[in-house]
Amino acid sequence: MARKNKENKNMALSAVLRDEGDSSEDDYRRKRDKNNQAVKRSRVKSRMRTQQTLQRVNQLKTENDMLEEKIKLLSKELGFLKELFMAQAGTSQIELPKSVDLKTLLSDTTSDILDNDLTKSQSSS
């Protein structure tokens, strides 16, 4: 009988330890599952941020290409207008005042044109 009591105590003790073990395993499993879900959410957010960044880069590249083409066009137009003006100034009898620097005047006009065009394109966006 003493032997049975000892076996019953051992079985009860092992059942308690097993329950505690199951509880700690359940806690561990819950923590792992929670962490796995957090990692998945983090990776999804990271992919979305990367995708948004790539879209923004492509948008800016397109806008940059358009602006570069506009600069080329305006530079050609400015060159043509300068030639036209110089040809007209060369044939006319009107003398320009010596205090006016034609190159400075024309270069300021170019930057003003570009500034106005950039302002218009930014306000329309």
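## A nonpolar patch

Phe80, Leu81 and Leu84 together make a nonpolar patch of about 300 Å² on the surface. For a patch, residues need over 30% relative accessible area and no salt bridge; nonpolar side chains (Val, Leu, Ile, Met, Phe, Trp, Tyr) are joined within 5 Å, and like charges within 9 Å. The areas come from the Shrake-Rupley method with a 1.4 Å probe, and for residues only the protein chains shown count as cover.

Leu81 sits in helix H1. Its relative accessibility is 41%, so Leu81 counts as partly exposed. The scale runs like this: buried is under 20% relative accessible area, exposed is over 50%, and partly exposed is in between (1.4 Å probe, protein chains only).

## About the model

Keep in mind that this is a predicted model: local features need pLDDT of at least 70, side-chain atom pairs count only at pLDDT 80 or more, and totals for chains, interfaces and linings use all residues. Residues are numbered from 1 along each chain as its sequence is written, and side-chain values use heavy atoms, with hydrogens and water left out.

## The chain overall

The chain has 2 helices and 0 strands. Both kinds of element are DSSP runs numbered from the N terminus, with helices (H or I) needing at least four residues and strands (E) at least two. Just 4% of the chain's 125 residues count as buried. About 11,600 Å² of the chain is exposed, and carbon and sulfur atoms supply 55% of that.

## A positive patch

Back on the surface, Lys34, Arg41, Lys45 and Arg49 gather in a patch of positive charge. Here Lys and Arg count as positive and Asp and Glu as negative, while His and the chain ends are not counted. Each charge is placed at NZ of Lys, CZ of Arg, CG of Asp or CD of Glu.

Arg41 belongs to helix H1, which covers residues 2-91. With a relative accessible area of 51%, Arg41 is exposed.

## Salt bridges

The whole structure holds 3 salt bridges, each being a side-chain nitrogen of Lys or Arg within 4 Å of a carboxyl oxygen of Asp or Glu. In one of them, the side chains of Arg30 and Asp27 meet at 2.1 Å, N to O. These two residues are 3 apart in helix H1, about one turn of the helix. Arg30 is exposed at 52% relative accessibility, whereas Asp27 is partly exposed at 32%.

Arg29 pairs with Asp33, their closest N and O atoms being 3.5 Å apart. This pair also lies in helix H1, 4 residues apart, again about one turn. Arg29 is partly exposed at 42% relative accessible area, and Asp33 is partly exposed at 35%. Lys72 bridges to Glu69, with 3.8 Å between the closest N and O atoms. Lys72 and Glu69 are 3 residues apart in helix H1, so about one helical turn separates them.
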